[in-house]
Amino acid sequence: MMKTEQEKENILIMSGNYAAAWGAKCSNVNVISAYPITPQTTVVEKLSDFVDNKELDAKYIRVESEHSVMAALVGSSMTGARSFSATSGQGLLYMAEMLHWVSSSRLPIVTTIASRGIAPPWNIWADYTDILSIRDCGWIIQFASTHQEIFDSILMAYKIAENPEVSLPYFVVYSGFSQSHTSKPVSIPEQQRINKFLPILPEDGWGHLNLNPDKPVTFGNLVMPEQEYLDFRFMIHDSMVKSKKNIHDTINLFNQSFGRDYGGLVEKYMCDDAEVILISYGGLAEQSKDAVDKLRDQGNKVGLFKLRYIRPFPNEELIELFNSGIKVIGVVDQGTAFGNPTGGPISTEVMSLLNHTKNRIDVLPCIWGIGGRNVSVDDQIGLFEKLLYIKNNNEYPTDETCQHGTVWMGLKTGI
Amino acid sequence: MTTGSTKPAKSEITFFSRGGQGGITSCQILAEAAYIEGYKDVMSIPQIGAERRGAPIRAFLIISQNIIRTVSAVTKPDVVLVFDEAMLKLPPIINAIPRKNCKVLVNTKKLNKETPLSDEIEIYTFPGTSIAMNLGLTLEGLPLVNVPILGAFSKLTGLVSMESIEKSLQNKWSEKAEKNIKSIHMAFDKTIKVN
Amino acid sequence: MKTSDKQPAAQQPYKSWKELPHVPVSYPQLGSIGATGEWRTFKPEINAEACNKCGMCYLYCPDGVISYKEGTLPEIDYMFCKGCGICASICPKKAIEMVKEKE
């Protein structure tokens, strides 16, 4: 049985950041480049330890900024090397130009993000505004909501990203401090089994691009308006949308190999007969399961719809949800999008799919937990109660935390 | 020692220490010990961000018979460990200690009678500083009570056995763990309830 | 051998995005955008008697159409020389003259 196989796994109590470092190590990465930034720093520390102790046969490239980090990895990945980085907040934003270089070069680089607030004012705690603000740069974006998922996701990330049909870079995202610095048990399978799961690196680089001094090529050429620029852009979008199949296949293969099932692009919790659904992502979404359990115990038909991926966006899964008879949804962002139709980017995107259903569904967008603001299970129950109020009274709540149609949970209103 | 079935489904422990006293390491060692003990899930939550030597630092530990899903702060701890009696003069710390349903352990030879702790909680003390000094458990001359305090914790809660703490210490320091193991037993023996 | 002994490669137009590779890559080939010598209005001509064979024109030519070996007279490939005049401008002996192309 799978159980005996699992027993061979080495369980260590480690921080989310160490889980990311272990994920990179066990993925046999060839090149690492990263610039330390709180709360990502211990990923870098652990990886440089691994390289220094010869536990990991990789080249660690030290550079002076995050922009150079990604520039260095563009070079390494173009030679067909498995490349890894990790960053956070301001560092990710500084990297932004090179992120487009990576995706438009179709390079399967994997990078972990310990998401944090954007300064000013300085804030180093959980806030996904960093990753959300670069969500359209052509990288696959996956949230890991548990420590084990951080580790497992990196193995799957390389499998998905390096698939020649996909050939896209991949972000594994988790929250600063509440995941990066807390420690939980993480199961590390035997390396031999991981090696069997990982894709085989091609000897001559990626099929579409191989930087080799013996076979010179020009890459990043000028393309005139009437030439293929538009077509290449379309192809990135096309590959991103079609990568959903590879993601599902990889999740299934991972489950067969290691006995942990991540379901798909979304995770549904108590959704089957639910009338009220909360849609969210990240560590706080995982915590919402406790809120759902408590409300279910009181007889409320509530459920949680956790987005694991936002790029590609789980359109089909959401449309299926909209057609399942639900009455009210709350969509929660742990990040901001100033001036957006709603206060958060993902609630706007979820609402853009509502025209695919003929059912009347009320939607309440919400923003919570930004800058590490504490969100307790009771706070989450409070949000569900607002949704239940909408269902029962057919009107939206009007308390002071609801501003411009979005609930800003914990907004100080003087009341 | 209690058996798994009689232990509570979930316990939350708060560590109050000062920067440099090893409170976060202590939290981590106890997390591992609790996992060795057989709890299904553990989570250590160091409250870091702007750490400085001497500044009050909090760390939280959740040990549970079920999967832990929360990422929020611990606000109603079942057990509070205080590394330094002087910290009880700080309002943010005294205010964070529940007024009932809580066990508080303070590192002191004799608890100051004017300490504003509620009468409805159980208060324990242990002489961690002298244990650390006697055994030479010091860092740059300062006594380290972060390991002895775990022996005291085991005595007053029974949530994690001494054997599990020993194993956790051995995993961390292998043969060098000897002095630390001695310290937890000394603390275990000298932990007393004061109210 | 002069580079212009080979004819420039014709461009390969794509009809559909489905035929495209993931990224555009150019392989080394002769004159990928055609015989650029046709762009020329003024033609550089080397005065063999004035030339000191220093090779500065070869170093500065932006299109690499001047071939040169130390101690020999440089040679210009007129199939790809655009007539920009940089060689004439840089020549320390003023041994290169820009001559108007005949109609």
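**A short walk through chains A and B**

Hi everyone, let's start with a helix in chain A: α4, residues 66–78, lies across β2 (31–33), β3 and β4 (83–87) of that chain. Its direction makes an angle of about 165 degrees with β4(A). Please keep in mind that this is a predicted model.

Those strands belong to an open sheet of seven strands in chain A, in the order β3-β2-β4-β5-β7-β6-β13, with mixed pairing. At the edges stand β3 (59–61) and β13 (309–311) of chain A; each has a single partner strand, so one side of each is left without a neighbour in the sheet. From one strand to the next, the twist averages 20 degrees.

Now for one pair in that sheet. Strands β5 (residues 110–115) and β7 (residues 170–175) of chain A run parallel and are joined by six bridges. For instance, A:Ser115 has A:Ser175 in β7(A) as its bridge partner. Helix α8 of chain A, residues 147–161, lies across β5, β6 (140–143) and β7 of chain A, at about 165 degrees to β7(A).

Over to chain B, which has six helices and nine strands. Its radius of gyration is 15 Å, which agrees with the value near 16 Å for a compact globule of 195 residues. Of those 195 residues, 43% count as buried.

And where do the chains meet? Here 17 residues of chain B are in contact with 19 residues of chain A. On the chain B side, α1 (23–37) and β2 (41–47) each give two or more residues, and β2(B) gives the most, with six. By class, that side has nine nonpolar, five polar and three charged residues. Thanks for listening!

Terms used
Residues numbered from 1 in each chain as written. Chains lettered and ligands numbered in written order. Predicted model: local features only at pLDDT ≥ 70, side-chain atom pairs only at ≥ 80, totals over all residues. Helix = DSSP H or I, 4+ residues; strand = E, 2+ residues; numbered from the N terminus. Rg over C-alpha atoms; globule rule 2.2 N^0.38 Å. Buried ≥ 20, exposed ≤ 12 C-beta atoms within 10 Å, placed from the backbone. Contact = placed C-beta atoms within 7 Å. Nonpolar A, V, L, I, M, F, W, Y, C, P; charged D, E, K, R; others polar. Pairing = 2+ DSSP bridges. Axes fitted to C-alpha atoms, helices over the stretch in contact; angles between N-to-C directions.
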